Amino acid sequence: MGNIEEQEMEFIKKLRFEAFETEQVKAEESLALLEKIVADQHWENARDLLSLLRNVQNSVEAKMKWETTPCNIVKRAIKLVIDEYNTCRRAGDGGGQSLFQFVSADPASEDLTDYTQVLPELRDRILESVSEYKSEVEQSVELIAVQGESKIHSDEVIMTCGFCPMVLAFLTHAAKRRKFHVIVAEGAPKYDGHKMAKSLSSSGIQTTLIQDVAIFSMMSRVNKVIIGTRTVLSNGGIRTFVGAAPLADAAKFYSNPDAYVCVSKCKSRAQGTALEHHRTGNAVNLLLGPDIP
């Protein structure tokens with residue numbers, strides 16, 4: 001018990017100090033923590049397990065409200081528990097609660113009593129489902145990268161900003177059969193664009209690194225804008241890297257019709273109103289994996 005709690009506190013500490021290199025690593029470690037909770041924590045029924053998972057979600061949201069990836073992972077795990085419980089009870093036709101009903105329920109109320117039945121096979125079924133979901137998350141970058149060949153054409157000029165492993169994989173995969181030019185805005189003050197430009201150049205892609213102030217003047221020759229994101233909000237906005245806002249404004253001014261956002265499912269947020277980016281007025285194409293509706 002204590003070991004799991006220590007790992008949970010260590011995980012939150014890493015979130016606070018941004019110790020994860022990428023959102024992909026953050027998602028994988030979130031799943032690893034939840035898998036240990038399911039396998040090692042003491043719980044007798046689905047209600048106990050759902051309470052444990054909800055406590056993790058509340059801990060993250062209380063201390064790191066802007067961290068959507070771990071919370072989304074926990075919500076998906078809650079949904080898996082609910083589905084497996086209903087399946088074990090052979091009540092897939094409406095028995096039990098929905099995910100929204102559980103997340104919004106009061107733990108002290110009677111709303112959780114539907115999950116008190118003890119099912120011996122439940123733990124193994126949940127671990128199997130979590131393992132399948134873990135495989136989906138691990139393959140999310142690859143599943144999006146393979147779409148590069150169909151979205152990028154030869155001799156195009158593409159602009160991006162900052163460093164995003166998903167965008168890097170997307171462009172690198174497309175470069176295997178396409179010849180194109182990538183313009184990278186450096187993304188001050190972190191200057192992640194330098195790392196992105198170096199990685200693209202090492203992959204044999206023609207790359208130009210520019211200052212953020214040059215985005216507007218270079219946009220006139222750009223065919224496509226491709227960026228990564230941290231969170232996709234329910235209203236269509238996204239939380240993304242510094243420098244993306246002027247990139248979007250320049251694309252709007254030059255009526256650039258092709259803007260792509262590379263995003264995995266675990267970055268979607270059910271609620272949110274703050275927009276840190278995406279004021280282009282153009283439809284943004286979300287490059288989603290096959291598991292995303």
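1. The expected span of a helix is taken as 1.5 Å times one less than its number of residues, and helices (H or I, at least four residues) and strands (E, at least two) are DSSP runs numbered from the N terminus. On that basis the 21 residues of helix α4 (residues 68-88) should span 30 Å, which agrees with the 30 Å between its end C-alpha atoms.

2. This is a predicted model, in which local features need pLDDT of at least 70 and side-chain atom pairs count only at pLDDT 80 or more, while totals for chains, interfaces and linings use all residues. Residues are numbered from 1 along each chain as its sequence is written, and side-chain values use heavy atoms, with hydrogens and water left out.

3. The protein chain has 12 helices and eight strands, and 47% of its 293 residues are buried (under 20% relative accessible area, 1.4 Å probe, protein chains only). Helix α4 is largely enclosed by the rest of the structure, because 16 of its 21 residues are buried.

4. The largest nonpolar core (buried Ala, Val, Leu, Ile, Met, Phe, Trp, Tyr and Cys residues joined through side-chain atoms within 4.5 Å) has 36 residues, and those with the most contacts inside it are L34, I37, L49, L53, L122 and I126. Two or more residues each come from α1 (2-16), α2 (23-40), α3 (46-63), α4 and α6 (122-138), with α4 giving the largest share, 10 residues.

5. Leaving aside residues up to four places away in sequence, L49 touches I37, V38, W43, V81 and I126, where contact means heavy atoms within 4.5 Å. A second, separate core has 23 residues, including V141, V167, L200 and I226.

Notes: Buried means under 20% relative accessible area, exposed over 50%, partly exposed in between (1.4 Å probe, protein chains only).
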